[in-house]
Amino acid sequence: MANLLSIPPLFLLLAPLAIADLRIDGGTEYGWDTDEWRLQVDGVMGGQSSGSLRFEDSNTILSFDGDIVLDGGGFSSVRKQRFDAIDLTSFAGIVVELETTEAYNANDSQPPLGLHLQFHDTSSYFGYASAFAIPLTRSAGETTSVYLPLSSFDRGTRIGYQCNDCQIDFSSVNEMDLYVLFQEGEFEVRVKSITAVDTPMRVPMPTILIASENDVKDLIEVTIQSGGKLYDYGYTELCNSVYRSMLNTFLAAQYNDDFVKSKTINGMICQGLQRAETQGKTDTAWTLRYTMDAILEEMGFLDVAQGAGWRPDATMAYSTVQCSGVTSGAYFQDVTNEPTASPSSSPSSTISMKRTILPSMMPTDVGETDTNKPTPTVITETASPTLSPAAIAQTTLPPTPNTSSPTRSPVAVIVTVSPPTVNTIESIKPMISDSSPTVSTNVSIENSTASPPESTMLSEEEFEDTTDSLAETNAMTESSAAPLYCHNLVIFVAGCFVSLFAMIL
């Protein structure tokens, strides 16, 4: 009888075994694989950005800091290359555990820092990135996490070329990168671990204290500056991650008791986040930007723009559409309303075009239809594909401004490019109405016609690949020139004989 009782019930034998989380790197038990990581900055393409990589606290913290300079480049990265391939197909997503490095300071508002976590596989030439942002926190040294679904690793790029129809093979992941891209200035990132998890996670947003409407205004301004630049450089995913992180920070924030509009603002944010859930990347960027514009209008910092696109309904009570501030995962506790209807018109400025692996194809995610929106001019690539993208000027012709449209651009920067450099970029904050409580001398953001960068990411490995390609091209050119040289020599000798024969006669 004792032996019979020791046999587990049949339903336990048949129950599926739970998948344990998989450490990809880091963690308190094993620490980081320090020998497998290296630093890579934009110096390989003539950039001036810097970076440093350290492992601290008994190798349990990957510390990555530096300074992003947009003149000639714009990225800094750390890379773990060619480790034993791992199979992630049975997992739901990736959790990046972070330690914050800076406390929120209302006197020096900073936007969330956007990053790319990028995986490579054994069968593809491309790396596949997912974008996320480090949230703002009340104090430095707080631990927080971001959950990235496997499906979000959908931006495939190599040597600055973006592929439209490729996808990662999660059964053979063998490289991993962390990138800080096109966010000018000093940065610091501290990562505690990167882990594959079998269940989607919902991570609450850390709480900061917001004392006044001016705090909200300042945070929105710097967020639009950062996200708008990323959008204009073609990194829509990073733009969306920065915008989302800031809006979720407002949802989770603690407000002073005299901040009477806090619930109205949160209700508007919930509508914007809910609407963005059903949209593609480009439309999401517009919706999140429109939400921030509407908040500034509701607080009196911007004049209400008629016909400027979709706006959340400020009269809709927060209790009607409840949502919570999260770093990642589901926003909504109980969705009782359908997503807000789409706007009747799209923004008037043209989406910046990046060079892709198939330059003749139009992007599939082009926003909502608007017959009045100018048609983007697509530049056909004529340069040899073996040339480095850094040697090929990226050119997008700006659209003719639609002066009759009151729609503000979602990009909070005005770029004045004097080819061939981009160091004349001027960051412009959103205009504050003269009738607002706080008058500002900032410049209007109407009709931004920003251009994409003139150089793209180029890692050392990709630089070597490109150099090899250039060598092959040169060799082919030299070999093809030899027959032509011989041909010309024969013609010259024949001409000499003809002239000599004529002189004899």
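**Figure 1. Asp57 in the loop between β3 and β4.** Asp57 is partly exposed, with a relative accessible area of 49%, a value that falls short of the exposed class because that class requires over 50%. The model shown here and in the other views is predicted. The loop that holds Asp57 runs between β3 (50-56) and β4 (61-68). The backbone of Asp57 has a phi near 50°, which is a positive value in a residue other than glycine.

**Figure 2. Arg82 in the loop between β5 and β6.** Strands β5 (75-80) and β6 (93-99) flank the loop in which Arg82 is located. Arg82 has a relative accessibility of 53% and therefore counts as exposed, the cut-off for that class being over 50%. Its phi, near 50°, is positive although Arg82 is a residue other than glycine.

**Figure 3. The chain as a whole, as context for the close-up views.** The chain contains seven helices and 19 strands. Of its 505 residues, 49% are buried. The accessible surface of the chain amounts to about 23,800 Å², and carbon and sulfur atoms account for 55% of that surface. When contacts between residues at least 6 apart in sequence are considered, 79% of them join residues at least 24 apart.

**Figure 4. Surroundings of Ile94 in the largest nonpolar core.** In soluble globular proteins, nonpolar side chains tend to be buried together. The largest nonpolar core of this chain comprises 86 residues. Ile94, Leu117, Phe119 and Phe250 are the residues with the most contacts inside this core. With neighbours within four places in sequence set aside, the contacts of Ile94 include Leu117 and Phe119. Ile94 also contacts Ile24 and Leu88, as well as Val146, Tyr147, Leu148, Leu150 and Phe153. Ile194, Thr195 and Ala196 are likewise in contact with Ile94.

**Figure 5. Glu97 in strand β6.** Glu97 belongs to strand β6. Its relative accessibility is 25%, so Glu97 counts as partly exposed. Residues up to four places away in sequence not being counted, Glu97 touches Thr143, Thr144 and Ser145, together with Arg190, Val191, Lys192 and Ser193. Glu97 and Ile194 are 97 residues apart along the chain, and 6.4 Å separates their C-alpha atoms. Ile194 also appears in the preceding view, as a contact of Ile94.

**Figure 6. Gln183 in the loop between β12 and β13.** Gln183 occupies the loop that links β12 (173-181) to β13 (185-197). Despite this loop position, Gln183 counts as buried because its relative accessibility is 8%, and the buried class covers values under 20%. Excluding residues up to four places away in sequence, Gln183 touches Ile68, Pro112, Leu113 and Gly114, and also Ser226, Leu230 and Val242. The C-alpha atom of Gln183 is 7.5 Å from that of Gly74, although the two residues are 109 residues apart along the chain.

**Figure 7. Gly228 in helix α3.** Helix α3 (residues 213-232) includes Gly228. A relative accessibility of 0% means that Gly228 counts as buried. Gly228 and Ala285 lie 57 residues apart along the chain, with a separation of 9.2 Å between their C-alpha atoms.

**Figure 8. The crossing of helices α4 and α5.** The axes of α4 (residues 236-252) and α5 (residues 262-276) come within 10 Å of each other and cross at roughly 145°. This crossing is left-handed. On the α4 side, the residues in contact are Arg244, Leu247, Asn248, Phe250 and Leu251. Their counterparts in α5 are Asn266, Ile269, Cys270, Leu273 and Ala276. The residues of this contact comprise seven nonpolar, two polar and one charged. Phe250 is also one of the residues with the most contacts inside the largest nonpolar core.

**Figure 9. Gln271 in helix α5.** Helix α5 also holds Gln271. Gln271 counts as buried because its relative accessibility is 2%. The C-alpha atoms of Gln271 and Gln322 are separated by 9.0 Å, and the two residues are 51 residues apart along the chain.

Key:
Residues are numbered from 1 along each chain as its sequence is written. This is a predicted model: local features need pLDDT of at least 70, side-chain atom pairs count only at pLDDT 80 or more; totals for chains, interfaces and linings use all residues. Side-chain values use heavy atoms; hydrogens and water are left out. Helices (H or I, at least four residues) and strands (E, at least two) are DSSP runs, numbered from the N terminus. Buried means under 20% relative accessible area, exposed over 50%, partly exposed in between (1.4 Å probe, protein chains only). Contact means heavy atoms within 4.5 Å. Accessible areas come from the Shrake-Rupley method with a 1.4 Å probe; for residues, only the protein chains shown count as cover. Axes are lines fitted to C-alpha atoms, for helices over the stretch in contact, and angles run from 0 to 180 degrees between N-to-C directions. A crossing is left-handed if the near helix is turned anticlockwise from the far one by less than a right angle, and right-handed if clockwise. Ala, Val, Leu, Ile, Met, Phe, Trp, Tyr, Cys and Pro count as nonpolar, Asp, Glu, Lys and Arg as charged, and the others, Gly among them, as polar. A nonpolar core is a set of buried Ala, Val, Leu, Ile, Met, Phe, Trp, Tyr and Cys residues joined through side-chain atoms within 4.5 Å.
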